[in-house]
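Please open the structure in your viewer and keep the selection tool at hand. The tour proceeds by selections, each followed by what is to be found there.

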Amino acid sequence: MKQYLDLMQYVLDHGAQKHDRTGTGTISTFGYQMRFNLQEGFPMVTTKKLHLKSIIHELIWFLKGDTNIKYLKDNNVKIWDEWADENGNLGPVYGSQWRSWPTPDGRLIDQISNIIHTLKTNPDSRRIIVSAWNVADIDQMALPPCHALFQFYVADGKLSCQLYQRSADIFLGVPFNIASYALLTMMVAQVCNLEYGEFIHTLGDAHLYNNHIEQAKLQLSRDTKTLPVMEINPEVKDIFSFRFEDFNLKNYEPHPHIKGAVAV
Ligand SMILES: Nc1nc(=O)c2c([nH]1)NC[C@@H]1CN(c3ccc(C(=O)N[C@@H](CCC(=O)O)C(=O)O)cc3)CN21
Ligand SMILES: O=c1ccn([C@H]2C[C@H](O)[C@@H](COP(=O)(O)O)O2)c(=O)[nH]1
């Protein structure tokens, strides 16, 4: 994952000191893009061990349209705990916008079903977009969407996806976001009978929190390893039918995990 290490090095070399909402302080840069060819392996960071279980369950949870952390808690995933209210609710975050975006006249739009339909019937469309950035709902969300908008693109029978992420926690969030959207792209490709193309990750405010700098430098001192391979149960042909057991990551041999506190 040279692309990820290059991002870390770039922000260390060129980033500006910036205050932030959490009071932690960051070193930050604005506007950065990484590309991952999904035929060259699954883009999981190898310079620290990533907890894939959390990533898969979070993605299944988004696709269910769920915005309560109960499903995550039942599967021992804790990454959203700090933001939920006393009933486990996060407000109308990703799952709600992806599957049931409310219209002014009272309908609900299932953006995921719509993009699957368009990919199957009109793959050359330049409008294959999912937006979580629902301006009218933002003040009811526990956290405004970071991965705000993504677009699919088909050429030569290959499916690519580009994500716009407005705010990117390079040490903790970004490795999760890359793996999650790479996996989503592969799942969408499978159900639409397309080959794997690229995942393109475009970042707005890309920052390293001041209490993650040592962890970043440790990762930069480690050598990269061959990317693992993600096997997906080929029998699943419906985007909403994937289960945790349908995924099998092979040959993931990362360096040891590195701890870092999450800024709330
Ligand atoms: N500051 C901040 N960074 C984020 O990346 C982030 C937020 N806030 N708020 C909302 C979600 C929650 N996300 C999170 C939250 C925690 C971890 C985290 O603690 N990761 C650890 C443990 C992983 C695990 O338990 O599975 C890690 O080492 O990766 C990662 C992503 C991504 N988002
Ligand atoms: O998927 C995610 C979700 C969140 N983040 C990070 C980016 C920021 O560090 C915080 C959000 O704080 P804001 O003040 O709302 O920007 O969470 C991420 O990297 N990936």
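The stops below cover a sheet, a helix, a ligand site and two cysteines. Please bear in mind throughout that this is a predicted model.

**The sheet**

Begin by selecting the strands β1, β2, β8, β7, β6 and β5, which in that order make up an open sheet of 6 strands with mixed pairing. At its edges stand β1 (16-18) and β5 (129-131). Each of these two has a single partner strand, so one side of each lacks a neighbour in the sheet. Looking across the sheet, one finds a twist that averages 20 degrees from one strand to the next.

Now restrict the view to β1 and to β2, residues 26-37. These two strands run antiparallel and are joined by 3 bridges. To locate the pairing, select K18, which stands opposite T26 in β2.

**Helix α5**

Next, select residues 111-121, which form helix α5. Which residues of this helix are buried? They are Q111, I112, I115, I116 and L119. These residues lie on the same side of α5, because they cover an arc of only 135 degrees around the axis. The spacing follows a general rule: an α-helix has 3.6 residues a turn, so residues three or four places apart point the same way. Turn to the other side of α5 and select H117, K120 and T121, which are exposed.

Then move to the start of α5 and add D110 to the selection. A side-chain oxygen of D110 comes to within 3.2 Å of the backbone nitrogen of I112, a residue already met among the buried ones of the helix.

**Ligand 1**

Centre the view on ligand 1 and display the 14 residues around it. The nearest of them are H51, S54, D169, H257 and A263. Three polar contacts may be inspected in turn:

- Select H51: an N or O atom of its side chain is 2.5 Å from an oxygen atom of ligand 1.
- Select A263: a polar backbone atom of this residue is 2.8 Å from a nitrogen atom of ligand 1.
- Select G173: a backbone N or O atom lies 3.3 Å from an oxygen atom of ligand 1.

**The cysteines**

Finally, select C161 and C192. Why does C192 form no disulfide? Its sulfur is 12 Å from the closest cysteine sulfur, that of C161, which is too far for a bond. The structure as a whole holds 0 disulfides. Both cysteines are buried: C161 has a relative accessible area of 1%, and C192 has one of 10%.

Terms used
Residues are numbered from 1 along each chain as its sequence is written. Chains are lettered from A and ligands numbered from 1 in the order in which they are written. This is a predicted model: local features need pLDDT of at least 70, side-chain atom pairs count only at pLDDT 80 or more; totals for chains, interfaces and linings use all residues. Side-chain values use heavy atoms; hydrogens and water are left out. A disulfide is a pair of cysteine sulfur atoms within 2.5 Å. Buried means under 20% relative accessible area, exposed over 50%, partly exposed in between (1.4 Å probe, protein chains only). Helices (H or I, at least four residues) and strands (E, at least two) are DSSP runs, numbered from the N terminus. The arc is that of the directions from the helix axis to the C-beta atoms. A polar contact is a pair of N or O atoms within 3.5 Å; within protein, one must be able to donate a hydrogen and the other to accept it, and residues adjacent in sequence count only if both atoms are side-chain atoms. Two strands pair if DSSP finds at least two bridges between them. Axes are lines fitted to C-alpha atoms, for helices over the stretch in contact, and angles run from 0 to 180 degrees between N-to-C directions. A residue is near a molecule or strand if one of its heavy atoms lies within 4 Å of it.
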